[in-house]
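Q: I am new to this structure and would like a close look at a single part of it. Please take your time over the answer.

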Amino acid sequence: MIKISVGISELKVVNTPATLDTQSLGSCLGIVIFDPLSKVAGLAHTMLPDSKQANVGNKPGKYVDTAIAEMLSQMTNMGAGKNVFVAKLVGGACMFSGSAIGDFMNIGSRNVAAAKSVLAELGIKILAEDTGGNHGRTIEFDSTTGKVLIKSAMHPIKEI
Amino acid sequence: MFKDISMDALKEVVNIGTGQAATSLSEVLNQKVMINVPQVSLVPIEEVSKQLGGNQTPIVGVYFQTTGELESRILLIFSQETGHTLASLLTGNPKRKSELDDIEKSSIMELGNIITNSYINAMSQLLDIKLYPSIPFYAEDMLGAVIDFLLIEISQVADYSLLLKTEMMVESANLNGSFIIFPDENFLNKLFEKLGVKKLEI
């Protein structure tokens with residue numbers, strides 16, 4: 001099986017059996033979308049909730065809204081069926097604790113909220129999520145099973 | 001990229017600040033602390049983690065923001081090993097293999113305070129400006145996860161991040177850490193104005 005790594009602000013889509021991995025999601029949000037029938041699947045490592053607030057760059061993988069739209073478009077082109085997509089969300093933590101944390105340190109929860117709202121609008125069901133908290137997550141997504149393996153520095157390995 | 005004279009001035013100022021920070025660290029630990037000359041680099045956002053030691057590297061990090069006439073972000077990174085040794089030296093507790101307890105975390109934050117305040121005091125005096133540090137923010141986790149909120153913030157205005165990294169080492173106790181300043185364009189322009197050198201040119 002091929003192994004594909006997705007860097008920060010990137011997205012990758014596959015139509016052959018593969019593992020897609022991305023490292024050390026903190027406030028960033030990992031978005032997995034797949035079609036369980038055709039096994040066409042994608043993973044994005046997003047940084048910010050909304051491309052409309054963008055000042056620089058045009059990387060679709062950087063924003064939750066554009067990452068989802070771009071993955072769906074590429075996956076449909078690869079032969080995924082329409083209206084059969086499902087999703088999983090991982091990340092969106094707040095790595096620092098305390099009452100004085102600034103808005104920007106809490107960007108993780110806004111990323112999660114944005115993904116939920118965009119997916120709901122598109123009628124895409126979220127099968128599972130491991131979001132929030134205050135720890136980092138490295139994930140490996142298996143496109144043949146739809147399972148996501150989650151590794152953390154301080155917590156045991158988890159599968160969703 | 002930059003005018004050489006601006007870069008030299010920047011390194012010199014930061015060197016004085018971090019030199020002062022190393023002196024306080026040395027006093028707290030009662031050990032000789034070595035520092036290198038600050039390294040300045042302009043790095044694409046995606047490459048910052050790699051530059052600082054790799055996404056998955058376990059670290060203990062303390063983060064500060066400075067406000068006043070020069071706003072900037074400061075991050076102290078210790079390898080997890082060093083962080084745990086420091087916590088043990090500071091509290092007298094045996095060294096931990098797992099996550100630090102609250103008192104040990106506080107001791108690391110306080111150490112961060114001392115280092116950062118020395119840097120800030122040196123900078124304030126040198127440049128004759130007012131600078132205030134925030135309270136310390138503590139995180140122990142993989143490096144990439146600890147710094148991604150920072151990258152997110154920087155990435156809203158630029159695809160690159162400027163890093164001013166100074167490494168600190170205590171050879172006798174096998175400790176190492178980095179003191180990293182993430183200056184933005186505004187910071188640099190104000191700094192150069194104070195120093196009377198030509199404006200930043202990227």
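Which hand, left-handed or right-handed, does the crossing of helix 1 of chain A and helix 2 of chain A have?

A: The crossing of helix 1 of chain A and helix 2 of chain A is right-handed, a term used when the near helix is turned clockwise from the far one by less than a right angle, whereas anticlockwise would be left-handed. This is a predicted model, in which local features need pLDDT of at least 70 and side-chain atom pairs count only at pLDDT 80 or more, while totals for chains, interfaces and linings use all residues. Residues are numbered from 1 along each chain as its sequence is written, chains are lettered from A and ligands numbered from 1 in the order in which they are written, and side-chain values use heavy atoms, with hydrogens and water left out.

Helix 1 covers residues 64-77 of chain A and helix 2 covers residues 107-121 of chain A, and the two pack at an angle of about 40° with their axes 9 Å apart; helices here are DSSP runs of H or I with at least four residues, numbered from the N terminus, and axes are lines fitted to C-alpha atoms over the stretch in contact, with angles from 0 to 180 degrees between N-to-C directions. The two helices are therefore oblique to each other, the word for angles that are not under 35 degrees (roughly parallel), over 145 (roughly antiparallel) or 65 to 115 (roughly perpendicular).

On the side of helix 1 of chain A, Val64(A), Asp65(A) and Ile68(A) meet Asn111(A), Ala114(A), Ala115(A), Val118(A) and Leu119(A) in helix 2 of chain A, where contact means heavy atoms within 4.5 Å. By class, this contact has six nonpolar, one polar and one charged residues; Ala, Val, Leu, Ile, Met, Phe, Trp, Tyr, Cys and Pro count as nonpolar, Asp, Glu, Lys and Arg as charged, and the others, Gly among them, as polar.
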